[in-house]
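Here are some short exercises to work through with the model open beside you. Try each one before reading its solution.

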Amino acid sequence: MQDRLNGRAIYLRFLEPGDASAVLELYRRNRAFLAPWEPERSEEFYTLRMQREMLQIVTQARHNDQSYNFGVFLKTTHELIGRVNISAIVRGVFQSANLGYLLDEAYNGRGYMTEAVKLTLKFAFQDLNLHRLQAATLTTNFGSMRVLQKAGFRPEGIALRYLKINSQWQDHNLFAITAEEFSF
């Protein structure tokens, strides 16, 4: 892979421990906005030390082919405006993984995350040789569902009490896409 994946308005690059300050600011700016869509976060999560440790873990996971975590950056300013990740990679006959993402509230509705997801899919299918990616959204997260559908994912059904989000077990819509369905 090149140093970064270039899109029209954004680019993706692997997050490293040196990005801890930018990642922390992204989460701090969006703490209230992300709360309904994410697991409950401890106060320690919002510290530089914790973000640096977490980025060390994701860097090691990338080297072990377990997950790939990208920052979403604006091409014009190089500002970190989001994250997208491929996680829970299973090889062998499955060749599958999960996709997750988040975007700064100030940049919602501009197509940035759809572009980031499409770049990530291209990386997953071409560079990682995965066959399938799946994603889950809360049943009330219409913006996230729209991103997935615009990127070519198809709905697969509802998983009851799938993830503990905002301190409650929540139902999620499941979406998936396979290499055969993705247009490069």
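**Exercise 1.** In which strand does Tyr162 lie? Then classify its exposure and list its contacts.

*Solution.* Bear in mind throughout that this is a predicted model.
- Step 1: Tyr162 belongs to strand S7, which covers residues 154-165.
- Step 2: The relative accessibility of Tyr162 is 32%, so this residue counts as partly exposed; the class runs between the buried limit of 20% and the exposed limit of 50%.
- Step 3: Leaving out residues up to four places away in sequence, Tyr162 touches Gln134, Ala136, Trp169, Gln170, His172 and Leu174.
- Step 4: As a distance check, Arg13 is 149 residues from Tyr162 in sequence and 29 Å away in space, C-alpha to C-alpha.

**Exercise 2.** Compare the span of helix H4 with the expected value, then work out how its residues are covered.

*Solution.*
- Step 1: H4 takes in residues 112-127, 16 residues in total.
- Step 2: From first C-alpha to last, H4 reaches 22 Å, close to the 22 Å expected at 1.5 Å a residue.
- Step 3: Of those 16 residues, 12 are buried, so H4 is mostly covered.
- Step 4: Among the buried residues of H4 are Tyr112, Met113, Leu119, Phe123 and Phe125.
- Step 5: Now look just past the helix: Asn129 has a positive phi of about 55°.

**Exercise 3.** Is Thr59 buried or exposed, and what lies around it?

*Solution.*
- Step 1: Find Thr59 in helix H3, residues 48-63.
- Step 2: Thr59 counts as buried because its relative accessibility is 10%, and the cut-off is 20%.
- Step 3: A polar atom of the Thr59 side chain sits 2.8 Å from the backbone oxygen of Leu55.
- Step 4: Beyond four places in sequence, Thr59 touches Leu15, Glu16 and Pro17.

**Exercise 4.** Follow strand S4 into the loop after it, taking Ala88 and then Val93.

*Solution.*
- Step 1: Ala88 lies in S4 and, with 44% relative accessibility, counts as partly exposed.
- Step 2: Ala88 touches Gln66, Ser96, Ala97 and Asn98, with residues up to four places away in sequence not counted.
- Step 3: Asp65 is 23 residues from Ala88 in sequence, and their C-alpha atoms are 9.5 Å apart.
- Step 4: Val93 is in the loop between S4 (80-90) and S5 (96-103). Its relative accessibility is 90%, so Val93 counts as exposed.
- Step 5: Together with Val90 and Phe94, Val93 forms a nonpolar surface patch, and the three have about 330 Å² of accessible area together.

Methods:
Residues numbered from 1 in each chain as written. Predicted model: local features only at pLDDT ≥ 70, side-chain atom pairs only at ≥ 80, totals over all residues. Heavy atoms only, no water. Helix = DSSP H or I, 4+ residues; strand = E, 2+ residues; numbered from the N terminus. Expected span 1.5 Å × (residues − 1). Buried < 20%, exposed > 50% of the residue type's maximum accessible area, 1.4 Å probe, protein only. Patch = residues over 30% accessible without salt bridge, like charges linked within 9 Å, V, L, I, M, F, W, Y side chains within 5 Å. Areas by Shrake-Rupley, 256 points an atom, 1.4 Å probe, with all protein chains shown as cover. Salt bridge = Lys/Arg side-chain N within 4 Å of Asp/Glu carboxyl O. Polar contact = N/O pair within 3.5 Å; in protein donor to acceptor, adjacent residues only side chain to side chain. Contact = heavy atoms within 4.5 Å.
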